[in-house]
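Visitor: Could you take me in for a close look at one part of this model? I'd like a connected walk through it rather than a list.

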Amino acid sequence: MTLQNLFNEKPTKLWNERMTEDGDELFTKERLLMSDKVLDKFLNQLILVQETKHPESIMKAVEEAVVTFNEMNEDNGYFIETMEREELADFIDKAARLAGLEIEEDQDITEEWREW
């Protein structure tokens, strides 16, 4: 598994399926596009720093993504609920680990900034 592979495993893929197949009204095309944009930027930032495995750079990318999702969630009717929170936090954690962040197995790296 590489960071590049994660572009095809973003949680927005699951959210889109729930929107189109299950009629889940938490999601709109606009919310999905905004979320994809944030996740793409996050992955691209991690790709740039993964060779150095510099933990501060990785955590800065995590913080930026989490804070952006906080703002989007508040501005768009609080579309991140329990399932989405778990999927998003797991994705961010997995990406950060692939970029070289060394953390404990059960550590939630989004918790410090997360409001969703």
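**A close look, starting from E71**

Guide: E71 comes out as partly exposed, with a relative accessible area of 48%. Bear in mind as we go that this is a predicted model. E71 belongs to helix 4, which covers residues 55–75. On the surface, E71 joins E74, D75 and E115 in a patch of negative charge.

Now over to helix 5, residues 82–98, where you'll find A96. A96 has 0% relative accessibility, so it counts as buried, the cut-off being under 20%. Leaving aside residues up to four places away in sequence, A96 touches L46, I58, V62, L101 and I109. Two of those names, I58 and V62, fall within the residue range of helix 4, so that helix comes back into the picture here. For a longer reach, take R114: it sits 18 residues from A96 along the chain, and their C-alpha atoms are 16 Å apart.

R97 is also in helix 5. Its relative accessibility is 25%, so R97 counts as partly exposed. What does R97 touch, not counting residues up to four places away in sequence? Its contacts are I103, E104, E105 and Q107. I58, which we met as a contact of A96, is 39 residues from R97 along the chain, with 9.1 Å between the C-alpha atoms of R97 and I58.

To pull the burial thread together: A96 is buried, while R97 and E71 are each partly exposed.

How values were computed. Residues are numbered from 1 along each chain as its sequence is written. This is a predicted model: local features need pLDDT of at least 70, side-chain atom pairs count only at pLDDT 80 or more; totals for chains, interfaces and linings use all residues. Side-chain values use heavy atoms; hydrogens and water are left out. Helices (H or I, at least four residues) and strands (E, at least two) are DSSP runs, numbered from the N terminus. Buried means under 20% relative accessible area, exposed over 50%, partly exposed in between (1.4 Å probe, protein chains only). Contact means heavy atoms within 4.5 Å. Patches are made of residues with over 30% relative accessible area and no salt bridge: like charges are joined within 9 Å, nonpolar side chains (Val, Leu, Ile, Met, Phe, Trp, Tyr) within 5 Å. Accessible areas come from the Shrake-Rupley method with a 1.4 Å probe; for residues, only the protein chains shown count as cover. A salt bridge is a side-chain nitrogen of Lys or Arg within 4 Å of a carboxyl oxygen of Asp or Glu. Lys and Arg count as positive and Asp and Glu as negative; His and the chain ends are not counted. The place of a charge is taken as NZ of Lys, CZ of Arg, CG of Asp or CD of Glu.
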